[in-house]
Amino acid sequence: MEVKKFMVIGAGQMGSGIAQVAAQAGLEVVLHDVKDEFVNRGLGVITKNLARDVEKGRKTEQEKQDILDRITPSTDLTNAKDVDFVVEAIVENMDVKTGVFKQLDEIAPAHAILASNTSSLPITEIAAVTNRPEKVIGMHFMNPVPVMKLIEVIRGLATSDETYRVVAELSEKMGKVAVEVNDFPGFVSNRVLMPMINEAIYCVYEGVATPEAIDEVMKLGMNHPMGPLTLADFIGLDTCLYIMEVLHEGFGDSKYRPCPLLRKYVKAGWLGRKSGRGFYTYQ
Ligand SMILES: CC(=O)CC(=O)SCCNC(=O)CCNC(=O)[C@H](O)C(C)(C)COP(=O)(O)OP(=O)(O)OC[C@H]1O[C@@H](n2cnc3c(N)ncnc32)[C@H](O)[C@@H]1OP(=O)(O)O
Ligand SMILES: NC(=O)C1=CN([C@@H]2O[C@H](COP(=O)(O)OP(=O)(O)OC[C@H]3O[C@@H](n4cnc5c(N)ncnc54)[C@H](OP(=O)(O)O)[C@@H]3O)[C@@H](O)[C@H]2O)C=CC1
């Protein structure tokens, strides 16, 4: 199957990045969210990223315009009726995601692949609410999407080889590298990354060091491009907490217990960069 029309559900930090790289790959893209305001915010981020590329001489003004022209905004899910491929990038919550997958299964054409950008939730469980589990797959992009090379591709129990092949080809077309993993909580990326971030938060909680000092240790000592607390703010502390909860519940092992300080920050609405405050403050 050749993918021509590509839909992204959720125009947040991940959804807007996914729409950008899909449009850059020449696909016709529908960018969907629940409100015009969110779609417009996503389009604004894409426009800013492309303008920076023009400034740096990596794209021409015409190329920028052509990419933007390939993206159609949407707030009506029935726009999925004639697409070949959908990637969902909404909040990391199983009930919300399965609600959307049930609707997509009814609206999207029978041949369409339904992918999720979930960070940690079981693909097999998401697939089970549809009548096409062989066409459901995890397509996990990394943040910031236009920059990061990896797409972690997660096969659910019923995902077909053909579905995997289409996703691997699409990843290459977007200039990314697909790495295949199986369906376990947190997959590989967040099973390894998130406990490190959670441990860094415990270091703040227990007064081992300041956030700045912890980040400096990991940047200068381990050559990480961002310290773990800067990265947590960048990912979103709500998303970090949801991922730790999936690991904790999925493995039933106390080593994945989310740090109480992380819970406290999320309850306070301190979600990191996107809310203006997390371990650091942002304007
Ligand atoms: C939670 C999950 O489920 C999975 C995840 O995604 S976990 C998160 C994975 N991501 C990471 O670990 C990111 C770690 N951080 C980094 O790699 C780097 O800090 C970074 C690439 C984000 C920024 O790099 P930097 O060297 O510190 O900053 P900077 O020089 O400003 O940016 C480097 C390039 O990235 C681009 N860039 C930075 N942020 C960007 C963004 N948000 N969107 C688009 N482009 C961006 C810049 O334009 C710049 O491009 P050029 O060099 O081509 O001009
Ligand atoms: N942040 C990261 O670094 C990464 C995140 N992910 C995953 O990507 C997904 C999205 O994360 P992220 O982009 O950071 O989150 P954001 O909060 O930035 O964006 C989510 C967007 O989806 C919208 N949304 C919520 N519910 C629905 C719905 N039912 N239908 C349509 N749109 C909806 C939200 O609207 P509203 O504001 O109203 O809620 C918001 O605009 C999550 O599953 C996350 O785990 C994967 C890789 C990295």
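Three elements, α1 (13–24), α4 (94–107) and β6 (136–141), each supply at least two residues of the shell around ligand 2 in this predicted model. Of these, α1 gives the most, with three residues. The whole shell around ligand 2 counts 25 residues, and Gly-10, Gly-12, Met-14, Ser-119 and Asn-143 are the closest. By class, the residues around ligand 2 divide into 12 nonpolar, 11 polar and two charged.

Ligand 1 is the next stop. Here 17 residues form the surroundings, with Ser-119, Met-142, Asn-143, Pro-144 and Pro-225 coming nearest. Two or more residues of this shell come from each of α2 (36–55), α7 (189–205) and α9 (228–235). The top contributor to the shell around ligand 1 is α7, with three residues. In terms of class, the shell around ligand 1 holds 10 nonpolar, five polar and two charged residues.

The table sets the two shells side by side.

| Ligand | Residues in the shell by class | Element that gives the most |
|---|---|---|
| Ligand 1 | 10 nonpolar, five polar, two charged | α7, three residues |
| Ligand 2 | 12 nonpolar, 11 polar, two charged | α1, three residues |

Two names are worth keeping in mind as you look around the ligands. Ser-119 and Asn-143 are listed among the residues nearest ligand 1, and Ser-119 and Asn-143 are also among the closest to ligand 2. Asn-143 has a further point of interest: the peptide bond from Asn-143 to Pro-144 is cis, with omega near 0°. Pro-144 itself sits in the loop between β6 and β7 (150–155), and Pro-144 is one of the residues that come nearest to ligand 1.

How do the ligands relate to the domains? The domain assignment splits the chain into domain 1 (5–182) and domain 2 (190–273). The C-alpha centres of domain 1 and domain 2 are 26 Å apart. Where the domains touch, six residues of domain 1 and eight residues of domain 2 take part. On the domain 1 side of this contact there are one nonpolar, four polar and one charged residues. Both domains also reach the ligands: at least three residues of the shell around ligand 1 come from each of domain 1 and domain 2. Likewise, the shell around ligand 2 draws at least three residues from each of domain 1 and domain 2.

Now for the stretch that follows domain 1. Phe-187 lies in the loop between β8 (177–182) and α7. Phe-187 has a positive phi of about 55°, although Phe-187 is not a glycine. An unreviewed UniProt entry carries the annotation "domain: 3-hydroxyacyl-CoA dehydrogenase C-terminal" for residues 186–282. In the model, residues 186–282 are 62% helix and 0% strand, and the end C-alpha atoms of the span lie 28 Å apart.

Finally, a look at helix packing. Helix α7 packs against α11 (residues 260–267) at an angle of about 90°, and their axes are 8 Å apart. With that angle, α7 is roughly perpendicular to α11. On the α7 side, Asn-198, Ile-201, Val-204 and Tyr-205 make the contact, and they meet Pro-260, Leu-261 and Leu-262 of α11. By class, the residues of this contact are six nonpolar, one polar and no charged. Recall that α7 is also the element that gives the most to the shell around ligand 1.

Technical notes: Residues numbered from 1 in each chain as written. Chains lettered and ligands numbered in written order. Predicted model: local features only at pLDDT ≥ 70, side-chain atom pairs only at ≥ 80, totals over all residues. Near = placed C-beta within 6 Å. Helix = DSSP H or I, 4+ residues; strand = E, 2+ residues; numbered from the N terminus. Nonpolar A, V, L, I, M, F, W, Y, C, P; charged D, E, K, R; others polar. Domains from an automatic or database assignment. Axes fitted to C-alpha atoms, helices over the stretch in contact; angles between N-to-C directions. Parallel < 35°, antiparallel > 145°, perpendicular 65-115°, else oblique. Contact = placed C-beta atoms within 7 Å. UniProt positions renumbered as here; feature names shortened; annotations may be inferred.
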